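Me: I would like to go through the terms applied to a structure and to see how each is justified. Please set each value against its criterion before drawing a conclusion.

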Amino acid sequence: MKKAQILAGAAAFAVALCGCSKKDSAENTIDGKVQGSIIVLTNRTDIVDTKLQEYREAFERKYPGTSVEFEAITDYEGTVRTRMSTQEYGDVLCRPSIQSVDFESYFEPLGKLEDFEKTMNFTNTSSPIAYNGIVYSYPMVATVGAGIVYNKNVFQKAGVSVPRSVEEFYDAMQKIKDETDAVPIFMNYPSGWTLNQWEGGLMSASGDPEYKNKIIFEDSPFVPGDAHYELYKMMYEVVKRGLCEKDLLASEWEQSKQDIADGKIACMVLGSWAIAQVKELAANPDNIGYMPFPFEVNGKKYAEAQLDMPLCINKHSKNKATAYAWIKFMSDDTDWVQYTESIPVKKGEPYPSVLDSFGEMGVEYIDTKPAPAEYEGVYDSMDKESEIGFWNDPEKKRIVDAAMGTTNESFDDIMADWNRRWAKVKAEYVN
């Protein structure tokens, strides 16, 4: 079984780490003098010339003789994953969506997970920072895995309120389409990564922190009632019913943020990290709201807290000490949590008021339970080998294409194909 191969590799890695007692703390994992230059890859194209420059200047004052260069990338996921096939992917980078089993191939180890857990929350979410107990990405802030950013003024014009159920959501989008000039829900299809944001709603549709640990034992999980099925059926339906933009092939991420801020778009599925970005563009920031996915499980609503783009050090970096100093500086010496209106990772710090509506609707935050040691990495490996790619966009585009009618597939055809793929790799990992 391939599960045995994963465990054997993990054991070998653990042995390789023996004797490294000087580098097993979360605070002193990387030695060396903080000096020289580093390149920081970022997805924040909107603030690379403003807020990030403020941080750069402060860092260089704190550490004379250093220099920080930013490389802002619009198609961050696609571009960085491609560059990671080489050694040239900066010194510090926001971690793209890769499986935890691959962390050690690309990133410098930063310490033990048990040390990080003493001071930080959300270290075992669906966006893990560690593999085999070793941390490879430094958590900065957490966000709601996914919800829906919306323009309150558009909702008011259409006479609709925040929907609690999926059917109420379809009805609200239809009223917005009928009563206003706004696009009800914007898919941002060409960007690709924006479709991946829907995966962040998995726990909202499931309500089960053990969902990922259970699915690896199922041959045909993608059926009505299953969280993945219901989540992507919603994606399919909003396109099928014409509740999204008419020209799905023509959109641009930065412009879409301005359009929702201006009321030309009613809502978009995004992590809560996007709220601050949209508010910055709005004439009245208070007009931008955030609501949970319209799923209920046994009468309750759920959402998942996820880490937002934790920072990593390229294992091939020639200046790891300065790279680590930059990460610690961003975590400890800046107002990044407040600026992004994010959920703080550090224990004891308050949640942002922007999530008040989640409290009003009784949303319960879920911490995804980590897999038992013997099955660590199996979910990610099955996802990768089945080529479903829960956090990749090809299958999301396939669903949208089917809903548009550009292919002859139905939604259930796609789910049946997912089941076939899943069953095939499941036999290789789980008895």
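Me: What makes the contact between the side chains of R56 and E57 a salt bridge?

Reply: The model is a predicted one. A salt bridge requires a side-chain nitrogen of Lys or Arg within 4 Å of a carboxyl oxygen of Asp or Glu. For R56 and E57 the N to O distance is 3.7 Å, and the pair therefore meets the criterion.

Me: Why is R56 called buried, and why is E57 called partly exposed?

Reply: Buried means under 20% relative accessible area, exposed means over 50%, and partly exposed is in between. R56 has a relative accessible area of 18%, so R56 is buried. E57 stands at 39%, so E57 counts as partly exposed.

Me: How do you know that K426 and D219 form a salt bridge, and which parts of the chain does the pair tie together?

Reply: The side chains of K426 and D219 meet at 3.4 Å, N to O, which is within 4 Å, so the term salt bridge applies. K426 belongs to helix 19 (residues 411–429), whereas D219 sits in the loop between helix 10 (211–215) and helix 11 (227–240), so the salt bridge ties together parts that are 207 residues apart in sequence.

Me: Are K426 and D219 buried or partly exposed, and why?

Reply: With 10% relative accessibility, K426 is under the 20% limit and so counts as buried. D219, with a relative accessible area of 41%, is between 20% and 50% and is therefore partly exposed.

Me: What makes E237 and K233 a salt bridge, and how are they placed in helix 11?

Reply: The closest N and O atoms of E237 and K233 are 3.6 Å apart, so the pair satisfies the 4 Å criterion. E237 and K233 are four residues apart in helix 11, and therefore about one helical turn separates them. E237 is buried at 14% relative accessibility, and K233 is partly exposed at 26%. Elsewhere, E395, R398, E409, D417, R420 and R421 are joined into one network by salt bridges that share partners.

Me: How many salt bridges are there by this rule?

Reply: The count comes to 28 salt bridges.

Me: Why is helix 17 called mostly covered?

Reply: Seven of the nine residues in helix 17 (residues 378–386) are buried, that is, under 20% relative accessible area, so the description is justified. The buried residues are V378, Y379, D380, S381, M382, D383 and S386. Just after helix 17, E387 takes a positive phi of about 60 degrees.

Me: What makes an internal space a cavity, and how many of 30 Å³ or more are counted?

Reply: A cavity is a set of grid points where a 1.4 Å probe fits but cannot get out. Two cavities of 30 Å³ or more are counted. The largest has a volume of about 50 Å³, and the second largest holds about 30 Å³.

Me: Which residues line the largest cavity, and how do they divide by class?

Reply: The lining consists of I185, F186, M187, N188, T194, W198, M268, V269 and L270. Seven are nonpolar, two are polar and none is charged. Strand 10 (residues 265–270) contributes the largest share, three residues.

Me: Which residues line the second largest cavity, and what are their classes?

Reply: R44, V141, W273, D308, W336, T340 and S342 line the second largest cavity. By class, three are nonpolar, two are polar and two are charged.

Note on methods. Residues are numbered from 1 along each chain as its sequence is written. This is a predicted model: local features need pLDDT of at least 70, side-chain atom pairs count only at pLDDT 80 or more; totals for chains, interfaces and linings use all residues. Side-chain values use heavy atoms; hydrogens and water are left out. On a 1 Å grid over the protein atoms alone, a cavity is a set of points where a 1.4 Å probe fits but cannot get out, and a pocket is an open set with protein on both sides within 12 Å along at least five of seven lines; lining residues have an atom within 4 Å of a point. Grid points are joined across faces, edges and corners, and a volume is the space filled by probe spheres set on the points. Helices (H or I, at least four residues) and strands (E, at least two) are DSSP runs, numbered from the N terminus. Ala, Val, Leu, Ile, Met, Phe, Trp, Tyr, Cys and Pro count as nonpolar, Asp, Glu, Lys and Arg as charged, and the others, Gly among them, as polar. Buried means under 20% relative accessible area, exposed over 50%, partly exposed in between (1.4 Å probe, protein chains only).
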